[in-house]
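Here are my notes for your read-through. Please keep the structure open beside them.

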Amino acid sequence: MELLKFFFFIFSVLFLHHVADSTITGSCDQCHRTKEFDVTSSRNRNYGDEKDIDIIATYSDASGHIRLARLKMRDLSDSWVWENPSNANTEQQNYSQGGIESLRTDSRFEDNLKHSEDEHDPEEGFGQIPHSLPMTPVKIKRRMMRLERRKARAAELSQQNKENDNRIVSEAIERSKEFDTTIKGKYSIWRKEYENPNSDSTLKLMRDQIIMAKAYSNIAKSKNKTALYNALVKHSRDSKLAIGEANSDAELQTGALDWAKAMGHVLSVAKDRLYDCILVARKLRAMLQSTENRVNMQKKRSASLIQLAAKTVPRPLHCLPLQLAADYYLQGYHKKGNLGEEKIDDPSLYHYAIFSDNVLAASVVVNSTVQNANDPEKHVFHIVTDKLNFPSMRMWFLINPPSKATIEVQNIDDFKWLNSSYCSVLRQLESARIKEYYFKANHPSSLSAGSDNLKYRNPKYLSMLNHLRFYLPEVYPKLDKILFLDDDIVVQKDLTPLWSIDLKGMVIGAVETCKESFHRFDKYLNFSNPLISNNFSPDACGWAFGMNVFDLKEWKKRNITGIYHRWQDLNEDRTLWKLGTLPPGLITFYKLTYPLDRGWHVLGLGYDPALNLTEIENAAVVHYNGNYKPWLNLAVSKYKSFWSKYVMFDNPYLQVCNLSE
């Protein structure tokens with residue numbers, strides 16, 4: 001279109017230059033193509049009394065051929081402009097200098113102008129294209145606006161690309177945070193099966209074939225397809241033998257692929273003869289339901305066996321207290337007094353409370369604490385056990401006294417103040433309701449009750465040693481501060497700094513266990529009961545028993561034991577919480593707990609095999625809470641060394657009872 005306008009312009013100017021009179025030429029010389037100029041009024045003024053002028057225009061069509069066209073002056077568009085070629089250079093000088101200077105900043109536009117000037121020579125003759133085309137302010141402005149739009153669009157696209165890149169990087173970082181790299185056995189890409197993504201494709205195929213063969217064999221049997229039924233059963237049996245205990249294709253028996261092909265042929269025949277979409281779907285659904293029922297039953301059996309193993313005393317641990325108790329009386333150790341009795345009630349020393357009926361476990365707690373203490377002679381251990389284990393516990397620490405530390409062993413039956421008239425939980429443990437709960441054969445404590453109920457039927461919940469932690473001021477009336485330790489913990493650092501921590505008016509110092517929505521009060525307490533919901537927040541953070549600092553002065557001031565008794569009486573029917581010491585501990589010390597740094601106490605070694613080993617190694621105390629105690633065969637093997645290195649395996653009593661690493 002631009003080319004056509006150009007040819008019209010050239011031939012119109014030439015024609016008028018030779019034909020029109022001087023008046024017309026003079027008036028045309030003043031014509032300029034501007035936005036305000038009215039071509040129509042100019043033509044009417046100059047040619048109103050004259051005959052309309054014929055114009056012959058030459059132009060090139062779309063195919064490149066030269067064409068001629070005759071048209072009248074009146075047919076021209078008002079937007080056409082008449083110019084004198086001789087005045088083109090003068091006219092160019094009158095254009096806006098600001099617009100031209102702006103265009104010159106664009107190197108591409110400047111190069112195009114130069115290229116156009118170099119291509120065409122004005123001396124070549126009449127029919128050639130002029131060396132320079134006129135640029136009106138309107139065109140300059142439009143071109144400038146186009147350039148600005150291009151730059152703005154390019155900047156916008158560049159910004160969008162940067163934003164997309166930043167968003168992708170941010171999403172990748174967020175996704176990476178969700179990966180738990182500590183569970184190497186489950187997520188690590190360096191596991192053997194990840195060496196080849198299709199390493200177990202044959203194994204998966206054979207297992208799927210066995211499932212389909214079972215479905216089709218049931219259908220074949222119902223339709224009296226005896227031959228097909230026998231073939232499916234036979235090939236299914238062969239595939240199971242080929243798989244055996246294999247977990248990858250490399251472990252399959254030789255010829256397993258041939259069996260898979262043979263099974264595939266039989267399944268193809270079964271599909272052609274027996275396939276019915278509704279019937280097969282119904283059969284697979286029934287198989288799925290049956291499998292789920294079996295899995296649930298196996299889970300309950302497993303939970304029952306784990307609970308049984310957890311509360312059963314292994315033979316070596318049963319042997320050790322028997323040997324120690326026999327020698328305690330035979331060798332006259334029962335006549336000896338405690339060593340270092342002057343330190344037992346000294347409040348300036350570091351005192352520990354350990355309540356246990358396990359001699360070996362208590363010895364590990366004491367040994368690990370003393371070996372990591374900076375000043376062992378300032379540490380005093382108060383061990384309380386039951387009447388049955390008192391001789392063996394005392395005998396062990398008499399013949400194996402810890403270096404420079406003081407040990408006091410007490411019998412819980414010697415606490416005359418601890419009776420059913422004073423102690424609520426003792427009164428409840430002696431009640432017929434609790435005895436029925438634990439010992440009645442037809443009580444729903446069987447497998448149908450589920451693992452959640454089974455764990456609360458562990459005999460440890462019947463022992464007063466488990467509840468004695470709520471009577472620390474009564475047990476140690478002359479002490480101001482004491483550190484409570486469970487017998488399933490191991491100390492790995494000096495615990496002396498715990499006595500210098502300011503509890504800020506709180507009674508207990510403990511490590512909080514809540515993370516996001518886990519281990520908060522609603523996990524332990526029954527918030528459907530108004531007594532709980534009206535007094536406690538379900539989002540309050542739980543904490544851990546096992547390594548706790550107690551301010552006994554503040555305890556007495558706030559009558560903590562009285563608070564404990566009140567809530568135990570309210571929970572006589574076990575509707576507020578189940579059996580155990582943590583729920584009443586959360587209630588008793590509600591808003592009276594000072595949170596310790598997590599590095600002091602790392603939990604979970606007795607149930608979680610995926611803990612971070614670095615955190616365990618750096619912890620001051622590690623806790624084997626759970627069923628997998630380190631002295632049982634159930635123990636997680638990679639955690640057992642943290643406990644066993646403090647066991648005196650060369651001790652004669654341990655060797656007699658066959659206790660070894």
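Which residues does Asn411 touch, not counting residues up to four places away in sequence? The points below start there. Bear in mind that this is a predicted model.

1. **Asn411.** With that exclusion, Asn411 touches Thr385, Asp386, Lys387 and Phe390. Asn411 sits in strand β5. Its relative accessibility is 10%, so Asn411 counts as buried, the cut-off being under 20%. One of the contacted residues also takes part in a polar contact: the Asn411 side chain reaches the backbone nitrogen of Lys387 at 3.3 Å.

2. **Lys404.** Look at the loop between α15 (390–399) and β5 (406–411), where Lys404 lies. Lys404 is not a glycine, yet its phi is positive, at about 65°. Is Lys404 buried or exposed? Lys404 has 60% relative accessibility and therefore counts as exposed, the cut-off being over 50%.

3. **Asn559.** Here is another non-glycine residue with a positive phi: Asn559, at about 55°. Asn559 is placed in the loop between α22 (552–558) and α23 (560–570). Its relative accessible area is 47%, so Asn559 is partly exposed.

4. **Strand β3.** Strand β3 covers residues 350–355, and six of its six residues are buried. In a regular strand, side chains alternate between the two faces of the sheet. Both faces of β3 are covered. Tyr350, Tyr352 and Ile354 are buried on one side. His351, Ala353 and Phe355 are buried on the other.

5. **Partners of β3.** What joins β3 to strand β4 (residues 379–385)? Six bridges do, and the two strands pair in the parallel sense. Tyr350 stands opposite His379 in β4. The chain goes from β3 through α14 to β4, and this β-α-β crossover is right-handed. β3 also runs parallel to β6, with three bridges between them. There, Ile354 has Leu485 of β6 as its bridge partner.

6. **Strand β9.** Why is β9 (residues 547–551) described as largely enclosed by the rest of the structure? Five of its five residues are buried, so the description follows. Met547, Val549 and Asp551 are buried on one side of β9, and Asn548 and Phe550 on the other.

7. **Partners of β9.** Strand β6 (residues 481–485) runs antiparallel to β9, joined by five bridges. Strand β8 (residues 508–510) is also antiparallel to β9, with two bridges. Phe550 appears in both pairings. It is the bridge partner of Ile482, and Ile508 stands opposite Phe550 as well.

8. **Nonpolar cores.** In soluble globular proteins, nonpolar side chains tend to be buried together. In this model, the largest nonpolar core holds 64 residues. Leu320, Leu483, Leu495, Leu498 and Trp600 touch the most other members. Helix α14 (residues 359–371) gives the largest share of this core, eight residues. A second, separate core has 45 residues, including Trp543, Leu576, Leu586 and Leu592.

9. **Trp600.** What does Trp600 touch, not counting residues up to four places away in sequence? Its contacts are Asp494, Leu495, Pro497, Leu498, Ile501, Val511, Met547, Ala620 and Val621. Among them, Met547 belongs to one of the two covered faces of β9.

Terms used. Residues numbered from 1 in each chain as written. Predicted model: local features only at pLDDT ≥ 70, side-chain atom pairs only at ≥ 80, totals over all residues. Heavy atoms only, no water. Helix = DSSP H or I, 4+ residues; strand = E, 2+ residues; numbered from the N terminus. Buried < 20%, exposed > 50% of the residue type's maximum accessible area, 1.4 Å probe, protein only. Polar contact = N/O pair within 3.5 Å; in protein donor to acceptor, adjacent residues only side chain to side chain. Contact = heavy atoms within 4.5 Å. Core = buried A, V, L, I, M, F, W, Y, C linked by side-chain atoms within 4.5 Å. Pairing = 2+ DSSP bridges. Right-handed = clockwise from strand over helix to strand, strands pointing away.
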